[in-house]
Amino acid sequence: MALNRTVIAAASRTPFGKYRGGISAVRPDDLLSLTFQNLLLKTPNLDPASIDEIIAGNSNGSGEDNRNVARMSALLAKIPVTVPAVSVNRLCGSGAEAIAQAARLINSGDAEIVIAGGVESMSRAPWVLPKSDTPLDPKLSLQQTTVGWRMINPNMPSEWTRSLGESAEKVGERYGISRSAQDEWAVRSHQLADAAWKNNVNDYVFEVNGISKDESIRPDS
């Protein structure tokens, strides 16, 4: 059986904001809703009711994005309630996973039109308080949900729950990637991102809260 050909017909995203930066006052479900709305403006011939599925990656999902943010954002964007939506979590690969799942749906013939992407807001990640196993447990403590593990299962090996920074150090040691090589790669990434903006490559980015450009680029690094 021949597979369908999958193409990206249109693209849209908010700017990447800094932690506590210019778009941090906007809820993540609103950020995704705005993205859906902007995408539909770019495709005026698309009947929203003809969308077969919406898939959004979301790795944190502990605050305002905690209840199937793909579905909630679709409803906020006034996409018909008949269009299903699902959120997926593959941690830092969640947005890419959403796109891969969309492609598989189309390739298999299960769908023709799928919106896929992701949303995250570290700035708005809440503190959480785990429930007590006993009344008024003195061990209760607030847990930050900005990034990384919290309320870790004590049976989980520590090497599986390392922080992103520590994991990067371990990967560098294992594969012989020096700190200087990482720094050179990082500087190159910032310079390429700056060049992309100067050459208007990022014309699919729309303004949010007065921010129209990625806040995280440091071309003079």
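In the next few minutes I will go through the salt bridges of this structure and then one patch on its surface, keeping in mind that the model is a predicted one.

Let me start with the charged side chains, where the count comes to nine salt bridges. One of these lies in helix α5, which spans residues 179–198, and there Asp-194 and Lys-198 sit four residues apart, about one turn of the helix. Their side chains meet with 3.1 Å from N to O, although the two partners differ in exposure, because Asp-194 has a relative accessibility of 10% and so counts as buried, whereas Lys-198, at 66%, counts as exposed. Elsewhere, Arg-27, Asp-29, Glu-64 and Arg-124 are joined into one network by salt bridges that share partners.

Two further pairs are worth setting beside that helix. Arg-90 and Glu-97 form a salt bridge at 2.9 Å, N to O; here Arg-90 is exposed, with a relative accessible area of 54%, while Glu-97 is buried, at 12%. In the pair of Arg-162 and Glu-166, the closest N and O atoms are 3.4 Å apart, and we find Arg-162 partly exposed at 29% and Glu-166 partly exposed at 35%.

That brings me to the surface patch. Which residues make the nonpolar surface patch of about 450 Å²? They are Trp-127, Leu-129, Leu-140 and Leu-142. Of these I would point to Leu-142, which is found in the loop between β4, residues 127–128, and β5, residues 143–144, and which counts as exposed because its relative accessible area is 57%, the cut-off for that word being over 50%.

How values were computed. Residues are numbered from 1 along each chain as its sequence is written. This is a predicted model: local features need pLDDT of at least 70, side-chain atom pairs count only at pLDDT 80 or more; totals for chains, interfaces and linings use all residues. Side-chain values use heavy atoms; hydrogens and water are left out. Patches are made of residues with over 30% relative accessible area and no salt bridge: like charges are joined within 9 Å, nonpolar side chains (Val, Leu, Ile, Met, Phe, Trp, Tyr) within 5 Å. Accessible areas come from the Shrake-Rupley method with a 1.4 Å probe; for residues, only the protein chains shown count as cover. A salt bridge is a side-chain nitrogen of Lys or Arg within 4 Å of a carboxyl oxygen of Asp or Glu. Helices (H or I, at least four residues) and strands (E, at least two) are DSSP runs, numbered from the N terminus. Buried means under 20% relative accessible area, exposed over 50%, partly exposed in between (1.4 Å probe, protein chains only).
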